[in-house]
Amino acid sequence: MSLYDAASRFAKWLDSRILFCGRGDDLSSLEVAPKGRFWLGRLAPEESVLDSAMDERGERLEPCAIGLRVRPATKAPWHFRVGVELAVWTYTTDEWVKLPKLNKLIEVSIEDSVVRNYSFGKESLADELAKACSLDGLSCELRVEVALNSEDMEELTVLLVNTSPKTHTNLRDTNLYECAIEMKGLEVAPFILESLPDSFRYDRRIPAYGINSGVEVIDSTTLRTTDTVCVDTERPSYWNVPEAEPHLSFEALSTDPIPQLNQLIDSHAKWGQHAWGYSSIKQRASDDNWSEEMLSEASGAAEEFFNESKRMKNGLELLGSDQSLLKAFKLMNSAMSHAANGRYDSWRPFQIGFLLSNLESIANNVSDADVVDIVWFATGGGKTETYLGLLITAAIYERIGGKHSGITAWSRFPLRMLSLQQTQRFADAMAGAEIVRRQASIEGDPFSVGFFVGQSSTPNSLKEEAAHGELYDVEDDQMPDRCRVLLYCPFCHRETVSMDFNRRFWKLEHQCTNSDCPWPEAGLPFYVVDDEIYRFLPTVIVGTLDKAASIGMQAGMRGFVGAPLGICSVPGHGFTYAPRASRPNGCLVPGCAGKRETLRVDEKLFAPSFRLQDELHLLRDSLGAVDSHYESLFDALENELSARQPKILASSATLTGYDRQSRLLYQRSARIFPVPGPSTNEGFWTSSTNDMARRYVAVAPRGVTIEYAVDRTITELQTVIRSLENDPQRICHEAGIDPTYVDDIVSLYGVNVVYGSTLRDLDAVSRSLETQIDVEGPLNTASLTGKTNFEDVRITLERLQKPEKDFDKRLHVVTASSMMSHGVDVDRLNLMVMLGIPLTAAEFIQATARIGRSWPGSVYVMQKMARERDASVFRCFEKFVRHADRFVEPIPITRRSRRVLEKTTPGIFLARILAIHEPDSAESLATTSKLRAYFSRASVSEKQEFESLVRTLGFEGAFDVLLRKDLEMWVERFFGNLNYPTGDFKFPSQLSPTGRPMRSLRDVEEEVPIFGL
């Protein structure tokens, strides 16, 4: 037995423990009433449900019946059997005792298909219950309803109903427990899931629907109710064709990549001819009875696949014809080998496929920049490394071509709290690139990374004299440590990183104290202060999307779209920008007396080649609308300053509406890589294995609050793992695993994540963890939410990745919100309890993907059955999991919101002043008087500025008349304020008729609803 096998067995055994905990199967006596203890498998008396003032929601919370709804495969008569299982608890003098479990087989015969209700087994079941209890009173029956659906097809609903009285003189509890039915001997036809559109790729068939239960298919004529719905997903294999897999190791591709890449492309083309060829599609259409729409959809997908193959081939040809590109590609592989640090040593085929497909964006940006390329791959497949490979290739290629300074790529994440792990990956990759750059003697500044997230996590700037209470005070010896981002040194991979403020160069530095580190200088090439990022323009910038709004406030943001204005004559001070009263030479180092010198690189080369957007689907509603205007601004400024357009790359775990979203956000078309296969289990890039990746368990708590069910689940999970720690032989025997793996299993399953979509839910869980979890020893908890401060996030991630040796000192439970849904990759996170179905399918996909990254994981989804959406998902949970990407809602977004335009116009206009007019003026335009004088001197007119705004935003169509009118009025009022002789306006930002520029793209979130068009 391997460790993976042991982990799979343990994860499945844990599920049985949770089920027994909720049902009480393994208990025979209790000190407390079972009604207050068990939340699964129980049926309340029908009388109590009927007497309840609650509607259908109340019945879902406290049902009196469970059952199955099926479609018979044949016409009446129907003859089948139904096995009934249930248990009863009675109270003796001092404890509750469970009576022997009742198992009864009921014969069902229905002679015709007349719509009506039938009752079976009422007397025999009552007799069995009377015998068990030694008195009359409890009763139940089997009800069968014959109905016709909207297509006049017969359906049967088979229910076990608790018909016991609500109260009984001699019985304290008239609930029935551990209830289940098993339907045998009836052949059924599947239902078709109507909530999803027809598609040639997906199977929409559902064998039966559960009524207040799940459904287990035993065989073709046997169905059984279940208290939970379990869906196992398999871990993928990344090679799915008979031919030998090409050798895609970093070592092989760093020496002679062409033969291996040729083999990959040939295999891709050969597989495609078989899977996507005309004859194959026609045969599937005939076999599966496709509609014309499905055939057309499949033909379009086939064309996309063959275009994918063509693009990879074009990339290979570029490597053969462009020696600089080939050199950069080889060196990139060496750099990635350093970044991997032994964790892996080769590429997955799809990653190389994406790299080949996008090499044209490096070698010939003009022809490829009009399309947004989206990596669509299951979370955990390696999207980040795929991006990094492309960016390193681009950075090295640009250094060879003469771009010795400046930004190559700006990678933006949509969440406020950027994952430290993602940032570390970027740092590792660029450190590898810097090592190989030096080894290859390629000229230029060191490859570097900028962490651009803002004041709540890292400083915007460091002042000589901080105000009282200032968070970032250079006189505070503890300040540097609070700004630490790197988890370890990216050059030597040792945990020898310390923080220091270098007063001489006015830099907040991550430093490696390892004397054997290959980085020779004190400060690592990693910048976390906004001003330092402007000063040094790191090769790759990693940050939150919010910071895009800074372009309307910071002159240094010019470096994100074009060249800075110069470089300071003082070594180590970096680039200079527009002068200000406190920095007359434009250097951002306080008190600098240096001079501005001419740039040493062609100004046209400074503009970033790439903008990356992580988790594209999160750019929706007001955030997406606001960002669409700023994306247009960045494009327009880069084009005006550098005569080029950046390539947009994006990643997403969902497919819904990506092309429309890209057109609205970026005014570009979009394509995905890789093209999904002909079916959900057939594709060139992946195939399923027999290894369980993740088990999704839908749990519908009955008769108790969801908080209670969560408390009991966490208690059981922690009790089991502590029992494994203290009594390993017994638990290993019960779980069927080898005791030699105990330490590994304790580590892999000793942490529980409780995930909630709202802070209110998580606050309630946190309070319960302090008082309601009764386990032996301490229960250590942590939180990963938007409220968690930056330092605590770093500490929590470190503790999760490298747990304390003593189990009692480790973290045991982590409460988490959507902040954790992106980029948190910890192999020890393999158990999650989810508080209800998240509001979007995309969040469900992303959140649960944090579990089971490398080992079998389980996600217990506690359904909030009072909510219609949760009840609906529980009903078809298996399809919800397997077709999750199809349940992702269309992205609500529009560019044409007048209220959004009102918010974005100030920042866009002021960004043009900072990036275009101020450099042209050769002086500061930070005051109204200076701006007025310059506009007069340069003959800058209202008409010119209005037309530039219209071009920038692309509001030149017939449907944009009102937007143009709004812009025209805004510009008119701005110039009116500017030229008002007695106006009390000191700074240009005060001239805006609609308020100051946005400080963050999220400033509008609560103010501007977006309904989409």
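**Exercise 1.** At what angle do helix α29 and helix α30 pack, and how far apart are their axes? Classify the pair and describe the contact between α29 and α30.

*Solution.* The model used here is predicted.
- Step 1. Locate the helices: α29 covers residues 942-953 and α30 covers residues 961-979.
- Step 2. Read the geometry: the packing angle is about 140 degrees, and the axes lie 9 Å apart.
- Step 3. Classify the pair. Angles of 65 to 115 degrees count as roughly perpendicular and those over 145 as roughly antiparallel. The angle here therefore makes α29 oblique to α30.
- Step 4. Give the handedness: the crossing of α29 past α30 is right-handed.
- Step 5. List the contact residues. From α29 come Glu942, Glu945, Phe946, Leu949, Val950 and Leu953. They meet Arg964, Leu967, Glu968, Val971, Glu972 and Phe975 of α30.
- Step 6. Sort the contact of α29 with α30 by class: seven residues are nonpolar, five are charged and no polar residue takes part.

**Exercise 2.** Describe how helix α28 and α30 cross, and give the make-up of their contact.

*Solution.*
- Step 1. Helix α28 spans residues 928-937, and its axis comes within 9 Å of the α30 axis. The two axes cross at roughly 110 degrees.
- Step 2. This crossing angle makes α28 roughly perpendicular to α30.
- Step 3. On the α28 side the contact is formed by Thr928, Leu931, Arg932 and Phe935. On the α30 side the residues are Phe974, Phe975, Leu978 and Asn979.
- Step 4. By class, the contact of α28 with α30 holds five nonpolar residues, two polar and one charged.
- Step 5. Look for a link to Exercise 1: Phe975 of α30 meets α29, and Phe975 also belongs to the contact with α28.

**Exercise 3.** Work out the arrangement of helix α8 and helix α9.

*Solution.*
- Step 1. The residue ranges are 292-321 for α8 and 323-340 for α9.
- Step 2. Their axes come within 5 Å and cross at roughly 105 degrees.
- Step 3. The helices α8 and α9 are therefore roughly perpendicular to each other.
- Step 4. Leu318, Leu319, Gly320 and Ser321 of α8 meet Gln323, Leu325, Leu326 and Phe329 of α9.
- Step 5. The contact of α8 with α9 divides into five nonpolar and three polar residues, with no charged ones.

**Exercise 4.** How many cavities of 30 Å³ or more are found in the whole structure, and which residues line the largest cavity?

*Solution.*
- Step 1. The search of the whole structure gives nine such cavities.
- Step 2. The volume of the largest cavity is about 80 Å³.
- Step 3. Its lining consists of Leu40, Gly41, Arg42, Leu43, Pro63, Ile66, Asn212, Asp227, Ala700, Arg702 and Phe874.
- Step 4. By class, the lining of the largest cavity has six nonpolar, two polar and three charged residues.

**Exercise 5.** Inspect the backbone at proline 77, proline 674 and aspartate 621.

*Solution.*
- Step 1. Alanine 76 is joined to proline 77 by a cis peptide bond, with omega near 10 degrees. Proline 77 sits in the loop between β2 (65-72) and β3 (78-87).
- Step 2. The bond from phenylalanine 673 to proline 674 is cis, with omega near -5 degrees. Proline 674 lies in the loop between β30 (669-673) and β31 (687-699).
- Step 3. Aspartate 621 is not a glycine, yet its phi is positive, about 55 degrees. Aspartate 621 belongs to helix α17 (residues 621-642).

Definitions and conventions. Residues are numbered from 1 along each chain as its sequence is written. This is a predicted model: local features need pLDDT of at least 70, side-chain atom pairs count only at pLDDT 80 or more; totals for chains, interfaces and linings use all residues. Side-chain values use heavy atoms; hydrogens and water are left out. On a 1 Å grid over the protein atoms alone, a cavity is a set of points where a 1.4 Å probe fits but cannot get out, and a pocket is an open set with protein on both sides within 12 Å along at least five of seven lines; lining residues have an atom within 4 Å of a point. Grid points are joined across faces, edges and corners, and a volume is the space filled by probe spheres set on the points. Ala, Val, Leu, Ile, Met, Phe, Trp, Tyr, Cys and Pro count as nonpolar, Asp, Glu, Lys and Arg as charged, and the others, Gly among them, as polar. Axes are lines fitted to C-alpha atoms, for helices over the stretch in contact, and angles run from 0 to 180 degrees between N-to-C directions. Helices (H or I, at least four residues) and strands (E, at least two) are DSSP runs, numbered from the N terminus. Angles under 35 degrees count as roughly parallel, over 145 as roughly antiparallel, 65 to 115 as roughly perpendicular and the rest as oblique. A crossing is left-handed if the near helix is turned anticlockwise from the far one by less than a right angle, and right-handed if clockwise. Contact means heavy atoms within 4.5 Å.
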